[in-house]
Amino acid sequence: MRAARLADRFQKLQPLPDLTGVKTVEQVQQLGDEYKVIGGVGPLSRTYPVRDRSGTIFACKEVLTEGLDPRALEAVTRAITLQMSLKHPFIVTPSDAFIDSRLGRLYMITQLVERSEAAYPGPTHDESFLKERTVWNVAAQIIDVLEYLHSDPLGTGPIIHGAISPTNVLITSEKRVYVTDCGVPTDIRTEMATTLRLVRPDDWCRAPEVLESHILTPKADVWSLGCLLYFLVFCKRPFYAQDRKEILMCIRRFEKPNPDIYHEKRMVDTLLETVSHSSMSPRLTITPSYLNRTCTQPIYSTALIELINSCMTIDYRARPSIPDLLRNPNVNEALTNVRRAFYPLPEHL
């Protein structure tokens with residue numbers, strides 16, 4: 001990877017704190033959320049808009065390389081080189097990358113994707129819930145990306161993303177999906193996890209076999225997809241924990257959404273909303289945690305809830321594969337629609 005300085009070609013479009021000497025997670029946490037751990041390659045990074053000399057605006061991902069040993073740095077640069085070779089309409093691919101060894105920074109330049117915060121659910125407003133068709137379309141676009149990655153697109157073996165999460169899945173206002181931090185093969189991801197020993201904020205989306213035994217197969221991405229869809233549908237994470245050990249405990253105790261109970265709860269909610277306008281003040285306790293909502297939630301179909309449940313099968317050997325998901329008629333229909341809407345060419349790239 002070539003050496004260069006960011007200031008020689010790009011202008012930062014927002015003020016950023018000086019991070020000279022920052023090397024550890026603890027130091028970064030003292031700065032708030034400015035720096036985050038990226039799921040794709042492991043080390044700490046931040047992303048911000050920059051403008052080149054022609055006036056075009058890009059996104060710049062700045063990665064801390066200071067403090068990384070040579071082996072880890074080589075793994076990062078290999079991963080970015082692979083990312084630059086990927087070609088898919090739903091993948092954010094770096095157009096340029098260079099390293100500034102003087103500052104201990106590596107920079108990746110990509111297209112600027114305007115992520116829509118409204119596309120992600122919130123806990124207090126009905127408008128934050130996505131329509132079911134949107135959820136299916138989001139799922140189909142991610143599945144399309146995973147099919148591409150798992151099909152050995154670069155001739156080096158299947159590529160497992162390993163970090164499908166809200167951090168790495170950007171949804172635009174047009175409900176188009178862009179997946180970031182792709183292109184890290186199994187050996188590099190395992191290498192980075194061992195070298196850096198970081199607990200990442202998207203660990204709640206990681207498959208149990210990855211957290212417990214470092215078994216990384218394409219089906220790990222299917223689990224992560226299930227966690228992301230759960231988040232979109234229920235407006236909350238399936239697991240809340242401080243570390244990987246706690247996440248594994250939560251997974252073992254996880255109560256999958258029951259489609260029958262789910263729809264019964266929605267009928268009860270409708271009744272309570274009607275009664276609440278009278279002088280009565282009914283109280284009802286619902287046991288499943290995924291039903292404890294603070295706002296009105298639209299009814300999603302049994303087919304969608306069952307898709308989430310199948311993706312979140314703890315035993316990865318019994319978990320569906322991406323080809324299995326593509327045989328789902330709802331996924332197939334949604335994929336046809338999104339390819340027609342967003343693909344630059346009539347056929348798969």
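At what angle do the axes of α6 and helix α9 (residues 302-311) cross? The two axes cross at roughly 140° and come within 7 Å; they are lines fitted to C-alpha atoms, for helices over the stretch in contact, with angles from 0 to 180 degrees between N-to-C directions. This is a predicted model, in which local features need pLDDT of at least 70, side-chain atom pairs count only at pLDDT 80 or more, and totals for chains, interfaces and linings use all residues. Residues are numbered from 1 along each chain as its sequence is written, and side-chain values use heavy atoms, without hydrogens and water.

**The chain**
- The chain has 11 helices and 8 strands, which are DSSP runs (helices H or I, at least four residues; strands E, at least two) numbered from the N terminus.
- Of its 349 residues, 53% count as buried, meaning under 20% relative accessible area (1.4 Å probe, protein chains only).

**Helix α6**
- Helix α6 spans residues 218-234 and reaches 25 Å from its first C-alpha to its last.
- Because 16 of its 17 residues are buried, α6 is largely enclosed by the rest of the structure.
- Cys235, just after α6, takes a positive phi of about 60°.

**Packing of α6 and α9**
- The two helices are therefore oblique to each other, a class left for angles that are not under 35, over 145 or 65 to 115 degrees.
- Residues of α6 including Trp223, Gly226 and Tyr230 meet a set in α9 that includes Leu304, Ile308 and Cys311; contact means heavy atoms within 4.5 Å.
- By class, this contact has 12 nonpolar, 1 polar and no charged residues; Ala, Val, Leu, Ile, Met, Phe, Trp, Tyr, Cys and Pro count as nonpolar, Asp, Glu, Lys and Arg as charged, and the others, Gly among them, as polar.

Technical notes:
The expected span of a helix is 1.5 Å times one less than its number of residues. Buried means under 20% relative accessible area, exposed over 50%, partly exposed in between (1.4 Å probe, protein chains only).
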